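This briefing introduces one protein chain to a first-year reader. Please view the sequence and the structure below before reading the points that follow.

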Amino acid sequence: WLKVSEPSRCERTPSQQDRHPSQAMARGVIRHLKRMFAPSHWMLDKLKGRWAPKPSAGPHKMRECLPLIVMLRERLKYALTYREVKMI
């Protein structure tokens, strides 16, 4: 008639107690963009690399903007690398 009390679900397990708060899941803005998931109107090659430049759109939608690095490096061929684009 007397039930053994089970541990409540809100109690932390030993593995959670040992973990430091900075090791929790990442928070904040995602600062990378895979090339395959970049907007198609950028016309980037799928096999040229893994990453695409992440635009800082400001108050506008990310899908509607075009980063200058894409324009200078991929379309106009003024530079070969991101570093060269930053110098321009």
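The buried residues of α2 pack against α3. Within α2, the buried residues are I69, V70, L72, R73 and E74. The model is a predicted one, and the points below begin with the chain as a whole before turning to single residues.

**The chain as a whole**

- The secondary structure of the protein chain consists of three helices and two strands.
- Along the sequence, these elements follow the pattern α-β-β-α-α.
- The protein chain has 88 residues, and 22% of them are buried.
- Of the contacts between residues at least 6 apart in sequence, 25% join residues that are at least 24 apart.
- The accessible surface of the chain is about 8600 Å². Carbon and sulfur atoms account for 57% of that surface.

**Helix α2 and the residue E74**

- E74 lies in helix α2. Is E74 buried or exposed? Its relative accessibility is 6%, which is under the 20% limit, so E74 counts as buried.
- R73 is buried as well as E74.
- Leaving aside neighbours within four places in sequence, E74 is in contact with R35, L44, K48 and I69.
- The side chain of E74 makes a polar contact with the side chain of R73, at 3.0 Å.

**Salt bridges**

- Side chains of opposite charge can pair when their charged atoms come close.
- How many salt bridges does a search of the whole structure find? The search finds two.
- One salt bridge is formed by the side chains of K48 and E74, with an N to O distance of 3.4 Å. This pair links distant parts of the chain: K48 is in the loop between β1 and β2, E74 is in helix α2, and the two are 26 residues apart.
- The side chains of E74 and R73 also meet in a salt bridge, with an N to O distance of 3.0 Å. Through shared partners, salt bridges join K48, R73 and E74 into one network.

**R35, a buried residue without a salt bridge**

- R35 is found in the loop between β1 and β2.
- R35 is buried, yet it has no salt bridge. Which side chain of opposite charge is nearest to R35? It is that of E74, at 4.3 Å.
- A salt bridge requires a distance within 4 Å, so the 4.3 Å between R35 and E74 does not qualify.
- The side chain of R35 reaches the backbone oxygen of W51 at 3.2 Å.
- Neighbours within four places in sequence aside, the contacts of R35 include L44, D45, K46, K48, G49, R50, W51 and A52. R73 and E74 are also among the contacts of R35.

**Residues with a positive phi**

- M43 is not a glycine, although it has a positive phi of about 55°.
- Where is M43 placed? M43 is in the loop between β1, which spans 33–34, and β2, which spans 51–52.
- The relative accessible area of M43 is 54%, which is over the 50% limit, so M43 is exposed.
- K77, another residue other than glycine, has a positive phi near 60°. K77 comes just after α2.
- K77 is placed in the loop between α2 (68–75) and α3 (82–87).
- With 58% relative accessibility, K77 counts as exposed.

**A nonpolar patch on the surface**

- Which residues make the nonpolar surface patch? The patch is made by L66, L68, M71, L76, Y78 and I88, and its area is about 630 Å².
- L76, one of the residues of this patch, lies in the loop between α2 and α3.
- L76 has a relative accessible area of 42%, a value between the limits of 20% and 50%, and therefore L76 is partly exposed.

Conventions: Residues numbered from 1 in each chain as written. Predicted model: local features only at pLDDT ≥ 70, side-chain atom pairs only at ≥ 80, totals over all residues. Heavy atoms only, no water. Helix = DSSP H or I, 4+ residues; strand = E, 2+ residues; numbered from the N terminus. Buried < 20%, exposed > 50% of the residue type's maximum accessible area, 1.4 Å probe, protein only. Lys, Arg positive; Asp, Glu negative; His and termini not counted. Polar contact = N/O pair within 3.5 Å; in protein donor to acceptor, adjacent residues only side chain to side chain. Contact = heavy atoms within 4.5 Å. Areas by Shrake-Rupley, 256 points an atom, 1.4 Å probe, with all protein chains shown as cover. Patch = residues over 30% accessible without salt bridge, like charges linked within 9 Å, V, L, I, M, F, W, Y side chains within 5 Å.
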